Each structure stands twice: as structure tokens, then as C-alpha cells.
Amino acid sequence: MKIGIIGSGHIGGTLTRRLRTLGHDVTVANSRGPQSLADLAAETGAMAGTLEEAVQGAELVVIAIPLRAVPELPAALFDGKLVVDADNYYPERDGDIPELLDRSLSSSRWTADHLKGARVVKVFNNIQAAYLMDRGQPAGTPDRIGLPVAADDADAKRLVMELVDELGFDPVDAGTLDESWRQQPGTPVYGTDRDADGVRQGLAAARP
């Protein structure tokens, strides 16, 4: 696939490396500009681009940036795009966002509200970046790590679940974007590296 990645930190950088090893065509962008990504591009063979270059023409776009920066993204650019939301809300970093502090909205619903027209899928937010790099296993491997995948769009969810499997993890249907609070920080599945059955149990056990 042609994949755009917005953000070159722990998750964005790791996904750039992993997706390139799987043969995907990756363009990565960050807030500091393509020149700051020269080393990552040289290492991986990914293209270092602008935000527009990473999104335009991409079949799938990963957003892995501080949540507070989401409203700064040009929403029209993402219209109709399949957007993977790998973000988490951390109040100490992102500041007070009232509807997220009181959990009246999931952070992915908040993101989708800012990116009207995008087909948003929540995944990769509950696993350590290092594990994304080196803990993937073939399908059927005992104790293969499961990753929850939440979305409103069934086709977008299916495509992303296939990508999760390709990366070496068991995709677990985690419901809609409104239900994605069940995989946010502080829930049983956050950072606990459960297998698929464990993820399902953890999602069910989550409390607001």
C-alpha cells in the first residue's frame, strides 16, 4: 500500500521502519519539515515529505502526533482518507481538553470530529513502540499479542485489521469510535500486551 505517516516519534518512526520492511510505499512527515527526516529516510527507504505529500495519494494515513496538535491539521486534506489514529490523550502533555478529561468523548471521536470526512480507525495506541518493532509473530503463534481496532467504517476497520495481522499481531474488533475509550490509557488493555482473548476480556472489563 501507499501509506502516509504523520509524526516521526516513537510510534511514527517505528511504523515507518516496520512498514518499509514489509514492502509498503511510505512517506513520512513531521512538524519540523522533510530535512529533519533525512536520516530516517536514508535508513528505511521511506520518502521524507511535507504533510501534503504524505497524505495526498495515500491509501492509508497514520497520525502519531501529540493529540493537542490534531486541530492544527488541515481537515480538508484528510477528507475521504482512511486515517489510523495512534494517538493518546495525556493531560500533562496535551493540556486540559474538557470533553476528554471527563471522558464524555473518546479521544478518537474527538479526532474524528476535527477531521470531518475522514474514515478514522483507532489502533496502535496501547502498545509500546519497541514492541511494534520486535514482538510481531506469525498468525497462530501462542500468546501472539492482540491489538484492539475500533472504527465506525466496517471496510476501513477490515483493511486496518489485515495490516495489523501483517505486522504480526492479532487484530481484535473493539467496536466503534465511541467505544474506543476502552483501549485508552488507564484501561486494562493499555500497555499490558495481552493475547487476543485477553484483549477481549480487558475491553469488556473496562470502566469509564
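## A tour of the sheet, the pocket and the cavity

Begin by colouring the strands of this predicted model, where an open sheet of eight strands follows the order S3-S2-S1-S4-S5-S6-S7-S8 and has mixed pairing. Select next strand S3 (47-48) and strand S8 (170-173), which stand at the edges of the sheet; each has a single partner strand, so one side of each is left without a neighbour in the sheet.

Move then to strand S1 (residues 2-6) and strand S4 (residues 60-63), which run parallel and are joined by four bridges. To find one of these pairings in the viewer, pick Gly-4, whose bridge partner in S4 is Val-61.

With the strands still shown, add helix H6 (residues 107-114), which packs on the sheet and touches strand S5 (82-85) and strand S6 (119-122), its direction making about 160 degrees with that of S6. Helix H9 (residues 196-205) also packs on the sheet, where it touches strand S7 (146-151) and S8, and the direction of H9 makes about 25 degrees with that of S8.

For a selection taken from a record, highlight residues 2-88, where UniProt, in an unreviewed entry, places the feature "domain: Pyrroline-5-carboxylate reductase catalytic N-terminal". The end C-alpha atoms of this span lie 25 Å apart, and the span is 28% helix and 23% strand.

Turn now to the empty space, beginning with the largest pocket, which has a volume of about 710 Å³. The pocket is lined by 31 residues, and a useful selection is Ala-64, Ile-65, Pro-66, Asp-87 and Arg-93, the closest of them to its centre. Which helix gives the largest share of the lining of this pocket? Select helix H1 (residues 10-21), from which three of the lining residues come. By class, the lining of the largest pocket divides into 15 nonpolar, twelve polar and four charged residues.

The last stop is a cavity, and a search of the whole structure finds one of 30 Å³ or more; the largest cavity has a volume of about 30 Å³. To display its lining, select Asn-126, Ile-127, Ile-145, Gly-146, Leu-147, Val-189, Asp-193 and Arg-194, a set that comprises four nonpolar, two polar and two charged residues.

Note on methods: Residues numbered from 1 in each chain as written. Predicted model: local features only at pLDDT ≥ 70, side-chain atom pairs only at ≥ 80, totals over all residues. Heavy atoms only, no water. Pairing = 2+ DSSP bridges. Helix = DSSP H or I, 4+ residues; strand = E, 2+ residues; numbered from the N terminus. Contact = heavy atoms within 4.5 Å. Axes fitted to C-alpha atoms, helices over the stretch in contact; angles between N-to-C directions. UniProt positions renumbered as here; feature names shortened; annotations may be inferred. 1 Å grid on protein atoms, 1.4 Å probe; cavity = no way out; pocket = protein on both sides within 12 Å on 5 of 7 lines; lining within 4 Å. Points joined across faces, edges and corners; volume = space filled by probe spheres on them. Nonpolar A, V, L, I, M, F, W, Y, C, P; charged D, E, K, R; others polar.
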